[in-house]
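The following exercises practise reading a protein model step by step. Please study the sequence and the structure before attempting each task.

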Amino acid sequence: MKIAVIGGAGVRTVIFINGLLKRCHKLHIDEVALYDINREKLQIIEKLCTHVVRRGESDLKVYAAEDAKEAVMGADYVVTTLRVGGDHSRTVDEEIALRCGVIGQETTGVGGFSMAARTIPVLLEYCELIKKYAPEAWIFNFTNPSGLVTQTLKNAGYDRVIGICDAPSSTKFRMAKYLNVPEEELYVEFFGLNHLSWIRSVKLSGKEMLGELLEDNAFLEGVEEFQRFEPGVLRLTGLLPNEYLYYYYHREKALENIKKAGSARGRNIEEINRKMFEELRGMDADSDPEEMLQTFLYYMQQRENSYMAVETGGKGRPMKERGQLPVPEGIGYAGVMLDCIEGMQSEKGRYLVLSVENRGALPQLADRDVVEMTCLVSKEGIQPVKVENPPEDCMLLIHSIKHYERLAAEAIVEQSREKAVRALMLHPLINSYSLAEKLLTEYGEAYGGLFGAN
């Protein structure tokens with residue numbers, strides 16, 4: 001079976017390939033085609049992936065395709081992981097938002113809207129190509145903002161699309177680690193939307209633990225995703241949060257911390273990636289591929305260690321020297337995708353958090369609305385776990401963001417400024433007509449026109 005990666009020059013591709021090595025035979029995957037419009041970066045990533053495969057003594061075939069058609073032709077699974085406009089576009093998105101006094105994080109609020117507006121038209125073209133040359137392929141969308149992008153692709157009639165985010169799986173991993181229990185024995189149930197979800201149940205051996213975990217200060221401080229929040233807000237809601245709720249529950253703190261830092265995380269990531277590829281370009285993959293890999297891993301460590309440090313005012317994680325850095329495997333978006341494929345091939349199935357059509361799982365939302373839910377994935381299909389009587393406070397926020405997503409999807413596809421203004425003025429992190437107009441004008445000037453006529 002074949003996987004095609006559209007956006008294969010992304011830095012996480014190397015980690016994706018490493019995570020696949022131990023599972024490719026079990027999942028019947030023997031070929032991975034990488035495609036990206038940035039050919040120079042793709043060549044570097046291909047060399048790193050080739051070394052990782054040889055290092056793992058695997059017979060997995062990984063190669064850079066000459067064009068998108070070659071990449072998707074006959075694929076069983078397609079990964080879409082794009083950043084239209086490159087790393088600098090994220091910096092632009094975040095800094096325009098800050099100048100206007102709002103949070104511009106790349107998935108949440110206006111930063112996510114700008115990224116989606118650039119990305120969705122390109123993704124729709126790739127989906128047409130997939131429909132023509134790999135009509136039975138499942139598309140795993142990692143492109144941010146994952147929920148909004150997946151919703152738009154579903155609206156356009158591409159039904160075999162699954163939105164993937166690694167935030168819930170990483171949270172569960174760290175919860176299990178703190179509790180010192182095998183991850184597969186811990187049941188953690190999420191509901192909501194992408195980057196706007198809550199944990200409503202935590203069970204070990206059938207015993208519900210959520211209540212006692214909410215009262216356990218050591219647990220809340222010991223799990224990275226929860227230590228960012230004031231315990232009071234978690235006990236007030238009676239739920240454990242997706243880490244991106246920090247931008248809603250502690251909005252003024254996040255904005256103030258970013259202002260104090262002088263810039264959002266995007267500029268840091270842009271600089272880290274620039275230094276990484278500058279150094280990798282000067283290295284010889286044939287004579288010392290391990291040195292090249294260790295250099296890559298060192299810069300990736302810098303990226304990961306800065307995650308949400310700016311917004312929360314934290315210092316980031318400690319750095320390790322290059323030389324013996326391991327290649328991550330098993331967690332992250334690659335792990336979620338591979339778990340999903342494994343579930344789809346099994347009779348018993350497994351529980352995973354995915355962005356899929358609601359189909360009655362969350363009351364008051366339409367069946368076609370894309371939600372982020374714990375799902376049972378098996379040969380029988382993907383079935384989101386139904387939520388009875390979700391808290392009204394959560395549903396009000398879910399309704400607000402889902403209405404924003406519906407309008408944003410229509411605005412982007414129709415190139416309607418009027419709907420874009422409506423979408424942004426309704427978003428809780430903007431919530432202003434005048435701000436929405438100002439933001440759209442500034443993004444339009446930065447990108448040479450974000451939308452056509454109304």
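## Exercise 1: The annotated active site

Tyr-244 lies in the loop that connects β10 (240–241) with α12 (246–249). The model examined here is a predicted one.

**Task.** Determine whether Tyr-244 is buried or exposed.

**Solution.**

Step 1. The relative accessible area of Tyr-244 is 7%.

Step 2. A residue counts as buried when this value is under 20%. Tyr-244 is therefore buried.

**Task.** State which residues carry the "active site" feature in UniProt, and explain why they may be said to gather at one spot.

**Solution.**

Step 1. The unreviewed UniProt entry places "active site" at Asp-166 and Tyr-244.

Step 2. These positions span 79 residues in sequence, yet no two of their C-alpha atoms are more than 12.2 Å apart, so they gather at one spot.

Step 3. Asp-166 belongs to the loop between β6 (161–163) and α7 (167–179). With a relative accessible area of 18%, Asp-166 is buried.

Step 4. When neighbours within four places in sequence are left aside, Asp-166 is in contact with Arg-12, Gly-332, Tyr-333 and Val-336.

## Exercise 2: The annotated binding site

**Task.** Identify the residues to which UniProt assigns the feature "binding site", and describe the surroundings of each.

**Solution.**

Step 1. According to the unreviewed UniProt entry, the "binding site" positions are Cys-165 and His-195. They span 31 residues in sequence, but no two of their C-alpha atoms are more than 8.5 Å apart, so they gather at one spot. Of this set, His-195 is part of the lining of the largest cavity.

Step 2. Cys-165 is located in the loop between β6 and α7. Its relative accessible area is 10%, and Cys-165 is thus buried. Residues up to four places away in sequence not being counted, Cys-165 touches Asn-194, His-195, Val-336 and Glu-372.

Step 3. His-195 is located in the loop between β7 and β8 (196–204). His-195 counts as buried, at 5% relative accessibility.

Step 4. With residues up to four places away in sequence again not counted, His-195 touches Thr-107, Thr-108, Cys-165, Asn-242, Tyr-244 and Glu-372. The side chains of His-195 and Thr-107 are joined by a polar contact of 2.7 Å.

## Exercise 3: Enclosed and open spaces

Rolling a probe the size of a water molecule over the atoms reveals where empty space remains.

**Task.** How many cavities of 30 Å³ or more are counted, and which residues line them?

**Solution.**

Step 1. The count comes to two cavities of 30 Å³ or more.

Step 2. The largest cavity holds about 160 Å³ of space. It is lined by 16 residues, and the closest to its centre are Thr-107, Thr-108, Asn-194, Ile-401 and Glu-405.

Step 3. At least two lining residues of the largest cavity come from each of α5 (110–133), α6 (146–155) and α18 (392–414). The most are given by α18, with three residues.

Step 4. Sorted by class, the lining of the largest cavity comprises seven nonpolar residues, eight polar residues and one charged residue.

Step 5. The second largest cavity has a volume of about 50 Å³. Its lining includes Glu-94, Leu-98, Tyr-247, Arg-265 and Glu-311. The classes here are five nonpolar, two polar and three charged residues.

**Task.** Describe the second largest pocket and its lining.

**Solution.**

Step 1. The volume of the second largest pocket is about 710 Å³.

Step 2. Its lining has 25 residues, and those nearest its centre are Lys-172, Asp-339, Arg-350, Tyr-351 and Leu-352.

Step 3. α7, β7 (186–193), α17 (333–344), β11 (350–357) and β12 (370–378) each contribute at least two residues to the lining of this pocket.

Step 4. The lining of the second largest pocket is made up of twelve nonpolar, six polar and seven charged residues.

## Exercise 4: A residue in a helix

**Task.** Decide whether Ser-434 is buried or exposed, and describe its position.

**Solution.**

Step 1. Ser-434 is part of helix α20 (residues 433–446).

Step 2. The relative accessible area of Ser-434 is 52%. The cut-off for an exposed residue is over 50%, and Ser-434 is therefore exposed.

Step 3. The side chains of Ser-434 and Ser-432 are joined by a polar contact of 3.1 Å.

Step 4. Ser-434 and Val-421 are 13 residues apart in sequence, and their C-alpha atoms are 9.1 Å apart in space.

Terms used. Residues are numbered from 1 along each chain as its sequence is written. This is a predicted model: local features need pLDDT of at least 70, side-chain atom pairs count only at pLDDT 80 or more; totals for chains, interfaces and linings use all residues. Side-chain values use heavy atoms; hydrogens and water are left out. Helices (H or I, at least four residues) and strands (E, at least two) are DSSP runs, numbered from the N terminus. Buried means under 20% relative accessible area, exposed over 50%, partly exposed in between (1.4 Å probe, protein chains only). A polar contact is a pair of N or O atoms within 3.5 Å; within protein, one must be able to donate a hydrogen and the other to accept it, and residues adjacent in sequence count only if both atoms are side-chain atoms. UniProt positions are given in the numbering used here, feature names are shortened, and annotations may be inferred rather than shown by experiment. Contact means heavy atoms within 4.5 Å. On a 1 Å grid over the protein atoms alone, a cavity is a set of points where a 1.4 Å probe fits but cannot get out, and a pocket is an open set with protein on both sides within 12 Å along at least five of seven lines; lining residues have an atom within 4 Å of a point. Grid points are joined across faces, edges and corners, and a volume is the space filled by probe spheres set on the points. Ala, Val, Leu, Ile, Met, Phe, Trp, Tyr, Cys and Pro count as nonpolar, Asp, Glu, Lys and Arg as charged, and the others, Gly among them, as polar.
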